[in-house]
Amino acid sequence: MKTVLLIDDDTELREALGAYLCQRGWEVHSAADGDRGLSLAKQLLPQVILCDMYMPCGNGFRVCAAIREEPALKAAFLVAMSGNMFDDTRRNALEAGADEFMLKPLQPRPLLELLERVSAAREGKPIETTPRITSTPPPPVADSTSKPVNFIRFWGVRGSIPTPGPTTIRYGGNTACVELRADGELIILDAGTGIRPLGMELMKEFKGEPLAISLLITHSHWDHVQGFPFFPPAYNPKNQIGIHGFEGAWASLEGVFSGQMESPYFPIGLQQMPGNIHFKELRELEFKIGKVRAEASFINHPGVTVGFRFNTSTGSIAYLPDHESCFRMRSLSTSQGPVKPEELAFARREDEKTLRFIQGVDVLILDAQYDVEEYRSRVGWGHSCVDDTVELASRAKAKKLFLFHHDPAHDDDKLDVMVAHAREIAAWHGNNLQVEGAREGLLVPLVANAPAPASKSASP
């Protein structure tokens, strides 16, 4: 019997593709997450396994690697699938053990032809595989003496690399780090170089009292983890620091943090830090940090990258520091030739998932690294232009938008221009969206049942 196991958290895809293959003589089994998929693979020993790369409860890279470690599954033909066009997605999937990589939306006929070749190979015929995509361009490289109970505060707002100097004084030059205080929890979003001044402020504020800190990591690119070795609370044995994030394609979350502190890169190893540091690799897209309800969503950026949403007693916050519109990326990418209508339809659906994730949020912190002209030469780098960012925030009916992940080449004056342009776009949409440029030291109160008050802007 020709058997195929479909592992994907997209219910619509599982149902449609399952029905299509059943009509053509295949016995189809399906799973909605990585753990269930791996369990079914061991139980059923299917001829073919189709596995999505970005899922809860075990991402596809880890599932592929685990399948290849199972002796009973050595003969299974493993097809990795993803709507993520970035070259490292394809490369990492093949390195994890996939025999073939197919870009979503799947084309039914090529997929069926591949499956039939696999089935025929059981009778001794060789299988020919041809990767479906080619390479895409590589990615490019405060104080308030009286604080509200619930608030967010920006400590690092740059992308890619720190940019200290006289031209970045007003917005700041540290890489990504945001503090969230809500419902008794101290939550830190990403550990770019901004985490160092945050740590110094925490030590001064709490005067040696034990701290319980939850550090959430969106992804493991260096500008989001590089500050942790300089985080003062990590050197106090009284403090409890839980580091939360989704497993990467290869290294574990702990492996990423320890790797950057190995000799000769850093004189102190992760295990030598006196603080009580615990790593928790998230597997579900919904979880809680104390009383704060948190959600995650995979977003369009190289590597395993998520955005976070927090629902607190005094408002909601969404944090998507690195994200590119799937539709814009597909429609402007020329490396794959003409874009097919079904590919654009798929890209729109992916963008709709992000839209639903941030729908109605009170405070939205969103990637706006480029202006329109810059973006034209940076399609596929995993970041947004300010026009797309404002449009997404307007469609989501967000109340307040903070432009984030400022380009290292943008000085304060350039960012003033981008903020002014963003406000013009928001006014054109006519939905009362407040727009600010994220800047270091800016504290934003979270007030129940009331819009966030206008803060002082760095723009004139």
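Student: Which helix gives the largest share of the lining of the second largest cavity?
Tutor: Helix 12, residues 412–429, with three residues. Keep in mind that this is a predicted model.

Student: What else lines that second largest cavity?
Tutor: The lining is made up of Tyr-171, Ala-368, Leu-403, His-406, Leu-415, Met-418, Val-419 and Gly-437.

Student: How do they split by class, in the lining of the second largest cavity?
Tutor: Six are nonpolar and two are polar, with no charged residues.

Student: And how much space lies in the second largest cavity?
Tutor: About 40 Å³. For the largest cavity the figure is also given as about 40 Å³.

Student: OK, which residues line the largest cavity?
Tutor: Met-55, Pro-56, Cys-57, Gly-58 and Asn-59 do, along with Phe-246, Glu-247, Leu-282, Arg-283, Phe-298 and Val-304. By class, that lining has seven nonpolar, two polar and two charged residues.

Student: Switching to pockets. What volume does the largest pocket have?
Tutor: About 720 Å³. Its lining has 26 residues, and the closest to the pocket centre are Asp-9, Ser-297, Phe-298, Glu-350 and Lys-353.

Student: Which elements give two or more residues to that lining?
Tutor: Strand 13 (292–298) and helix 9 (341–358). Helix 9 gives the most, with six residues.

Student: How many residues of the largest pocket's lining are charged?
Tutor: There are 10 charged residues, beside nine nonpolar and seven polar ones.

Student: Now the sheet. What is the strand order in the open sheet of seven strands?
Tutor: The order runs 11-10-9-8-7-6-19, and the pairing is mixed. Strand 11 (276–282) and strand 19 (443–445) are the edge strands, each pairing on one side only.

Student: How many degrees does the twist average from one strand to the next?
Tutor: The average is 20 degrees.

Student: Back to strand 19. How many bridges join it to strand 6, and do they run parallel or antiparallel?
Tutor: Three bridges join strand 19 to strand 6 (residues 151–156), and the two run antiparallel. In one pairing, Ile-152 has Val-444 of strand 19 as its bridge partner.

Student: Which helix packs on the sheet, and which strands does it touch?
Tutor: Helix 6, residues 195–206, packs there. Helix 6 touches strand 6, strand 7 (177–182), strand 8 (185–189) and strand 9 (212–216).

Student: What angle does helix 6 make with strand 7?
Tutor: The direction of helix 6 makes about 35 degrees with that of strand 7.

Note on methods:
Residues numbered from 1 in each chain as written. Predicted model: local features only at pLDDT ≥ 70, side-chain atom pairs only at ≥ 80, totals over all residues. Heavy atoms only, no water. 1 Å grid on protein atoms, 1.4 Å probe; cavity = no way out; pocket = protein on both sides within 12 Å on 5 of 7 lines; lining within 4 Å. Points joined across faces, edges and corners; volume = space filled by probe spheres on them. Nonpolar A, V, L, I, M, F, W, Y, C, P; charged D, E, K, R; others polar. Helix = DSSP H or I, 4+ residues; strand = E, 2+ residues; numbered from the N terminus. Pairing = 2+ DSSP bridges. Axes fitted to C-alpha atoms, helices over the stretch in contact; angles between N-to-C directions. Contact = heavy atoms within 4.5 Å.
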